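The following exercises ask the reader to work through a structural model step by step. Please attempt each task before consulting its solution.

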Amino acid sequence: GQCVAVCPTGALSEMDYSKEVIKALANPEYTVIAQTAPAVRAALGESFGYPVGTSVTGQMVTALKDLGFDYVFDTDFAADMTIMEESAELLERLTRHLEGDKTVKLPILTSCCPAWVRFIEHNFPDMKEIPSTSRSPQQMFGSIAKSYFAEKIGVPREKLIVVSIMPCVAKKFECERDEFKVNGDPDVNFSITTRELARLIKISNIDFKELASSEFDQPLGESTGAGLIFGTTGGVIEAATRTAYEHHTGKKLDQIDFHALRGMEAIRSATVDFDGLPVKIGIAHGLGHARKLLEEIRAGKSEYHAIEIMSCPGGCIGGGGQPFHHNKTSILLERQKAIYSEDQRMKIRKSHENPSVIKVYEEYLGHPLSEKAEKLLHTLYFDRSSQVTIDDSEL
Ligand code: SF4
């Protein structure tokens, strides 16, 4: 359909697919799968009276099961796959750059935020080769669910419905992009927001506060702390650094927490020592700040090797699909704390150590950037400068 959900802050009218989701859940012909983004569990509880910063992962899984989802999986699993592909791309470009290849494009930009991707396609189409070609976790999840997992459970892809629960309004138009469809069938059928899920739970008379905890289903529910921190500004690049460092140096990280990459300042930078190789990393959240970094690159003045950009203030924890609040920064800091402390508690905190991800590569994809991985997990960007868009100054 026509994409109207272009505003990541949720100020414009949203496409609400809740009705379509209810219809799919009620139709016994379909196997319906949920994937939930990391920022959702850090904010959903707010809609049910929990204090800000309460992580409600286990209850959220139970609520989705009660709503009738056949499988409840974790987008964090796919975030780990995004890191496998993106860190391989970073190391590949960096190695070629160090060998003196002048055709290589650096810095590499993260590309998991669809509002940000759209911003580049509209405003900086001359730089569309710079972002990582790795699909976002939402889209990697859909692609793997409708290929690898569909084959595993013996269900044809057209009988599988994938629903994503996202903190984000922009994710709705991401799943409508033609690149993410196979013969017209979208890899992710419907994307609904944290607020829309809260409403679905309420209208279904599920007493959220009384729910027991459940675990995500397997195998696409296994995740790491690295996948989880995708939800906050700085988290994607920290997750990529954990994996790229170990793959590049062949050494184990003693210190997994990269505090230099954390925080809430609008533009941050840090140099991470890859065993003698200084890797310069930039981070920006908010498109106005991102624009500054892009203009530096265009002018040939950027010193960075890798940059993480998120459109929303704070990253996805501040997404347009999250419960609304007035006192924003303190809320974002609480949600950020919820995410980092859950990462601390995770048994596995690096994407390349996720056993289910290792298995998908062994059984199905081969290795990051393999031909099959390129086909299923990567994408292209387009010049959309002639299309009508809203002024980014409003974002
Ligand atoms: Fe969506 Fe996250 Fe991007 Fe905001 S930062 S537009 S929530 S992907």
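The exercises below concern a predicted model, and each is followed by a worked solution.

**Exercise 1. The parallel sheet**

Determine the strand order of the open sheet that contains E1, and identify its edge strands.

*Solution.*
Step 1. The sheet has 4 strands in the order E2-E1-E4-E7, and the pairing is parallel.
Step 2. Strand E2 (71-74) and strand E7 (190-193) are the edge strands, since each pairs on one side only.
Step 3. On average, and with direction ignored, neighbouring strands of this sheet are turned by 25 degrees against each other.
Step 4. Strand E1 (residues 31-36) is joined to E2 by 4 bridges in the parallel sense; in E2, Tyr71 is the bridge partner of Ile33.
Step 5. Two helices can now be placed on the sheet. Helix H1 (residues 18-26) lies across E1, strand E4 (160-166) and E7, at about 120 degrees to E7. Helix H6 (residues 137-153) lies across E1 and E4, at about 155 degrees to E4.

**Exercise 2. The nonpolar core**

Identify the residues that touch the most other members of the largest nonpolar core, and describe the surroundings of Ile33.

*Solution.*
Step 1. The largest nonpolar core holds 100 residues, of which Ile33, Trp116, Ile144 and Val163 touch the most other members.
Step 2. Helix H4 (residues 75-98) gives the most to this core, with 10 residues.
Step 3. Beyond its neighbours within four places in sequence, Ile33 has contacts that include Phe69, Tyr71, Phe73, Ala145, Leu160 and Val163.
Step 4. As general background, nonpolar side chains in soluble globular proteins tend to be buried together.

**Exercise 3. An enclosed helix**

Explain why helix H5 (residues 114-123) is described as largely enclosed.

*Solution.*
Step 1. A residue is buried if 20 or more other C-beta atoms lie within 10 Å of its own.
Step 2. In H5, the buried residues are Pro114, Ala115, Trp116, Val117, Arg118, Phe119 and Ile120.
Step 3. Because 7 of the 10 residues of H5 are buried, the helix is largely enclosed by the rest of the structure.
Step 4. The cover over these buried residues includes helix H7 (170-174), helix H11 (287-298) and strand E10 (306-310).

**Exercise 4. The mixed sheet**

Establish which strands stand at the edges of the open sheet with mixed pairing.

*Solution.*
Step 1. The 4 strands of this open sheet follow the order E3-E10-E9-E8, with mixed pairing.
Step 2. E3 and strand E8 (267-274) stand at the edges; each has a single partner strand, so one side of each lacks a neighbour in the sheet.
Step 3. E3 and E10 pair in the parallel sense over 2 bridges, and Ile108 stands opposite Ala306 in E10.
Step 4. H11 lies across E8, strand E9 (277-285) and E10, running at about 140 degrees to E9.

**Exercise 5. Backbone exceptions**

Locate the cis peptide bonds that precede Pro107 and Pro219, and the positive phi values of Asn183 and Leu369.

*Solution.*
Step 1. Most residues other than glycine have a negative phi, and most peptide bonds are trans.
Step 2. The bond from Leu106 to Pro107 is cis, with omega near 0 degrees; Pro107 is in the loop between H4 and strand E3 (108-109).
Step 3. The bond from Gln218 to Pro219 is also cis, with omega near 10 degrees; Pro219 is in the loop between helix H8 (194-203) and helix H9 (225-228).
Step 4. Asn183 has phi near 50 degrees and is exposed, with 6 other C-beta atoms within 10 Å.
Step 5. Leu369 has phi of about 70 degrees and is partly exposed, with 18 other C-beta atoms within 10 Å.

Terms used:
Residues are numbered from 1 along each chain as its sequence is written. This is a predicted model: local features need pLDDT of at least 70, side-chain atom pairs count only at pLDDT 80 or more; totals for chains, interfaces and linings use all residues. A nonpolar core is a set of buried Ala, Val, Leu, Ile, Met, Phe, Trp, Tyr and Cys residues joined through C-beta atoms within 7 Å. A residue is buried if 20 or more other C-beta atoms lie within 10 Å of its own, exposed if 12 or fewer, and partly exposed in between; C-beta atoms are placed from the backbone. Two residues are in contact if their C-beta atoms, placed from the backbone, lie within 7 Å. Two strands pair if DSSP finds at least two bridges between them. Axes are lines fitted to C-alpha atoms, for helices over the stretch in contact, and angles run from 0 to 180 degrees between N-to-C directions.
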